Amino acid sequence: MSKLQKTLLAASVSLLGFNGCGSPDLPDTETTETVSTRQGVEVATAIPLPIPACALLPDTDGDAVCDVVETLLGTNPNNPDTDGDRLNDYAESFGFGGGLDLTALGANARRKDIFVEADYYPNQQPTQAMLNRVINAFANAPVTNPDGSTGITLHIVVDQQITAADADLDLSPVWTDFDVIKGKYFAANRAPYFHYMLFAHRYDGGNSSGISRGIPAHDFVVTLGFAAVTEVQLAGTLMHELGHNIGLRHGGTDNANYKPNYLSIMNYQYQFYGFGIGGLNNVLDYSRVRVASISEQSVNEVSAFTPVAPTTEADLAKISALRFNNAQVTGNASTNLDFNNNGSIQATSYARDLDGNGSTANVFPASQNDWLALAYDGGGQIGFATSGITQDLGREELYLVPPEKMEPCLTVDARDAR
Ligand SMILES: [Zn+2]
């Protein structure tokens with residue numbers, strides 16, 4: 001708990017003349033008990049900090065932060081999750097003891113946060129530059145927050161190396177073997193707040209770049225340890241699998257991959273490449289625009305894609321390095337887009353297979369803005385915490401699906417590994 005928070009609490013308590021509600025002397029050191037849940041590391045169980053003065057004060061939303069303190073903190077006394085990231089106001093404002101102080105890790109009850117613990121196989125420690133590509137993508141998200149900021153704070157906590165003896169090279173079957181590692185290296189007290197991921201070698205004997213445990217879910221693996229990959233490919237795969245964890249599919253709302261008007265790294269065309277955005281290359285992004293339906297029967301290079309409000313032509317014009325049929329073409333999403341990659345912009349419309357399925361008869365529905373569709377609950381795992389401190393924020397089972405079956409197409413081969 002920060003000094004400011006303690007001061008606010010003490011002030012609220014004394015202002016109201018209460019001294020028996022909660023714990024008036026908010027201790028510096030929290031009580032902890034140690035348990036060994038990770039190899040070689042003593043970690044502590046989550047012991048809640050003293051409930052802030054709410055025993056005798058109104059706490060309308062039942063999040064264990066009483067209304068007067070919520071007012072001081074600028075959080076919403078009528079909503080236990082002011083910023084809508086599934087981490088409740090108490091956890092984000094006061095954290096928990098035992099080494100799980102979300103506040104110390106940078107959580108903010110008024111700005112969306114996503115926490116990921118990342119462990120890695122030998123020789124696969126991620127570089128900060130690679131992680132920053134994904135962190136920056138989330139920071140630039142077109143998502144508004146109660147504190148007036150835009151973006152999402154992605155906390156990737158790189159934790160520890162999996163020992164060579166524990167680093168199962170084939171992870172087959174993937175989740176059985178993954179759970180053995182997770183059981184040893186992931187502190188259980190993080191489960192209500194963190195996604196867990198591994199930078200691993202392979203899974204299920206294939207060349208797939210990674211897999212998420214479901215859509216949404218709270219576990220995923222990036223399995224590029226066997227391949228020589230670039231920083232962008234690694235970062236794109238990390239963001240792609242995390243995307244499944246937060247509810248995104250290969251077609252955004254559906255599993256139809258390669259939809260030409262779905263401009264997201266969830267679309268396999270972009271996982272290893274990203275986009276040109278604002279003059280920068282290889283920018284990783286989920287879809288930030290809505291693009292109108294397009295028919296392969298009538299493709300027009302001059303008019304390119306059509307925006308769906310509130311997306312504008314100007315928004316589309318910022319996005320370039322578009323890809324169809326495994327080739328990057330010139331132009332941008334708004335105009336002069338060389339769909340057939342023949343080096344010239346044709347004025348007349350024509351039929352073109354844009355998703356590589358061998359047909360020119362497909363009509364693709366309007367695409368979604370991914371950033372506004374994220375699911376923060378980790379498939380029902382994130383948003384729960386110690387009973388009495390963090391209430392169930394409402395598990396949504398609606399989107400729970402069996403683990404994703406990755407298509408074999410996004411394997412690493414010589415062409416993709418350039
Ligand atoms: Zn995928």
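Reply: Before we look at any loop, a bit of vocabulary: helices (H or I, at least four residues) and strands (E, at least two) are DSSP runs, numbered from the N terminus. Residues are numbered from 1 along each chain as its sequence is written. This is a predicted model, so local features need pLDDT of at least 70 and side-chain atom pairs count only at pLDDT 80 or more, while totals for chains, interfaces and linings use all residues.

Me: Okay, so where is Asn336 found?

Reply: In the loop between strand S13 (327-328) and strand S14 (363-364). Most residues other than glycine have a negative phi, and most peptide bonds are trans. Asn336 goes the other way, with a positive phi of about 50° although it isn't a glycine. Leu171 does something similar: its phi is near 40°, and it sits in the loop between S4 and H5.

Me: Is Leu171 buried or exposed?

Reply: Here we count C-beta atoms, placed from the backbone: 20 or more others within 10 Å means buried, 12 or fewer means exposed, and in between is partly exposed. Leu171 has 23 such neighbours inside 10 Å, so it counts as buried. Asn336 has 13 other C-beta atoms within 10 Å, so it is partly exposed.

Me: And which residues does a cis peptide bond join in that S4-H5 loop?

Reply: Ser172 and Pro173, with omega about 0°; Pro173 lies in the loop between S4 and helix H5 (174-185). Another cis bond joins Ile215 and Pro216, with omega about -5°, and Pro216 is in the loop between S6 and S7.

Me: Speaking of strands, what order do they take in the open sheet?

Reply: Two strands pair if DSSP finds at least two bridges between them. In this open sheet the five strands run S4-S3-S5-S7-S6, with mixed pairing. At the edges are strand S4 (153-161) and strand S6 (210-212), each pairing on one side only. S6 and S7 are antiparallel and joined by three bridges; Gly210, for one, has Val222 in S7 as its bridge partner.

Me: Which strands does H6 lie across?

Reply: Strand S3 (113-120), strand S5 (194-200), S6 and S7, and it runs at about 160° to S7. For angles like that, axes are lines fitted to C-alpha atoms, for helices over the stretch in contact, and angles run from 0 to 180 degrees between N-to-C directions. Contact means that the C-beta atoms of two residues, placed from the backbone, lie within 7 Å. Helix H6 (residues 231-245) is also mostly covered, with 13 of its 15 residues buried.

Me: At what angle do H4 and H6 pack?

Reply: About 45°, with the axes of helix H4 (residues 128-139) and H6 9 Å apart. That makes the pair oblique: angles under 35 degrees count as roughly parallel, over 145 as roughly antiparallel, 65 to 115 as roughly perpendicular and the rest as oblique. Residues in the contact include Ala129, Met130 and Val134 of H4 and Leu234, Leu238 and Met239 of H6.

Me: Last one: which residues is Gly225 in contact with, leaving aside neighbours within four places in sequence?

Reply: Tyr121, Gln124, Phe199, Ala200 and His201. Gly225 is in the loop between strand S7 (219-223) and H6, and it is partly exposed, with 19 other C-beta atoms within 10 Å. Its C-alpha is also 9.3 Å from that of Pro122, although 103 residues separate the two in sequence.
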